[in-house]
Amino acid sequence: MHKSLSEMTLEELWELFPVILSEHKSCWGHWYEKEKQNIISLLQDKSLRISHIGSTAINNIMAKPIVDILVEIPPNASMTDIKEKLTNSGYLCMSEGENRKSFNKGYTDKGFAKKVFHLHLRYYGDNDELYFRDYMNKYPALAKEYEKLKISLCRKYQHNRDAYTQAKTAFISKYTRLAKADYHFSAQFNRIQ
């Protein structure tokens, strides 16, 4: 008997959806742009801030072939209403808290579809991923260090996505802090000139 995704245990899901790294592909940027337009059309809200985040947005490093999208909404927007629109259009809500919701699209009961997306719904300003992305793109040697870490963790945690993600946290946190400090210094320096 064939199980649906909702009937599978976490271990069965990790087996069906292993951590896989791929060489960087230019099509990821195109996938993001097309999905961004779909989200804009679906949500019909000009105040959204939509950004390509995650490793597919970092130049020239290996990444899981999953395009991460950050959707920031204004403080007065209803996450519940947006969740309903997203789930009615094919996104699955994977986790939710009071101020954050995560969705995916492209997970099937037979494994990954050709195009896979993770959508992170947040309120304005909850966007540390942008600092990390920009810092990695500014410093390619650091991005390659991140890639090496990901490769080693992929081998160790291929069937445990939570452990894979957790093991990257210290690196991401360190360079997000440095990116924020660099950004704030640059902004102050530019105001002085």
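**View 1. Strands S2 and S5 pair in the parallel sense.** Seven bridges connect S2 with strand S5, which spans residues 111-123. The model shown here and in the other views is predicted. One contact to look for is Asp68, whose bridge partner in S5 is His118.

**View 2. Strands S1 and S2 run antiparallel.** S1 covers residues 49-53 and is joined to S2 by five bridges. Arg49 has Glu72 of S2 as its bridge partner. S2 is thus shared by two pairings: antiparallel with S1 and parallel with S5.

**View 3. Strand S2 is mostly covered.** S2 takes in residues 67-73, and seven of its seven residues are buried. In a regular strand, side chains alternate between the two faces of the sheet. Here Val67, Ile69, Val71 and Ile73 point one way. Asp68, Leu70 and Glu72 point the other way. Both sets are buried. Two residues of the second set also mark the strand pairings: Asp68 is the bridge partner of His118, and Glu72 that of Arg49.

**View 4. Arg49 lies over the face of Tyr124.** The distance to the ring centre is 4.2 Å. Arg49 also takes part in the sheet, with Glu72 in S2 as its bridge partner.

**View 5. Six aromatic residues form a cluster through ring pairs.** The members are Phe132, Tyr135, Tyr139, Tyr146, Phe171 and Tyr175. Across the whole structure, the search finds ten aromatic pairs.

**View 6. The whole protein has six helices and five strands.** Along the sequence the order is α-α-β-β-α-β-β-β-α-α-α. The C-alpha atoms fill a box of roughly 70 × 40 × 30 Å along the principal axes. What radius of gyration does the protein have, and what would a compact globule of 193 residues have? The protein has 17 Å, and the globule would be near 16 Å, so the two agree.

**View 7. Burial, contacts and surface of the whole protein.** Of the 193 residues, 39% count as buried. Take the contacts between residues at least 6 apart in sequence: 65% of them join residues at least 24 apart. The accessible surface comes to about 11,200 Å². Carbon and sulfur atoms account for 53% of that surface.

How values were computed:
Residues numbered from 1 in each chain as written. Predicted model: local features only at pLDDT ≥ 70, side-chain atom pairs only at ≥ 80, totals over all residues. Heavy atoms only, no water. Phe/Tyr/Trp six-rings, centres within 6.5 Å; stacked < 30°, edge-to-face > 60°. Lys NZ or Arg CZ within 6 Å of the ring centre and 35° of its normal. Helix = DSSP H or I, 4+ residues; strand = E, 2+ residues; numbered from the N terminus. Rg over C-alpha atoms; globule rule 2.2 N^0.38 Å. Buried < 20%, exposed > 50% of the residue type's maximum accessible area, 1.4 Å probe, protein only. Contact = heavy atoms within 4.5 Å. Areas by Shrake-Rupley, 256 points an atom, 1.4 Å probe, with all protein chains shown as cover. Pairing = 2+ DSSP bridges.
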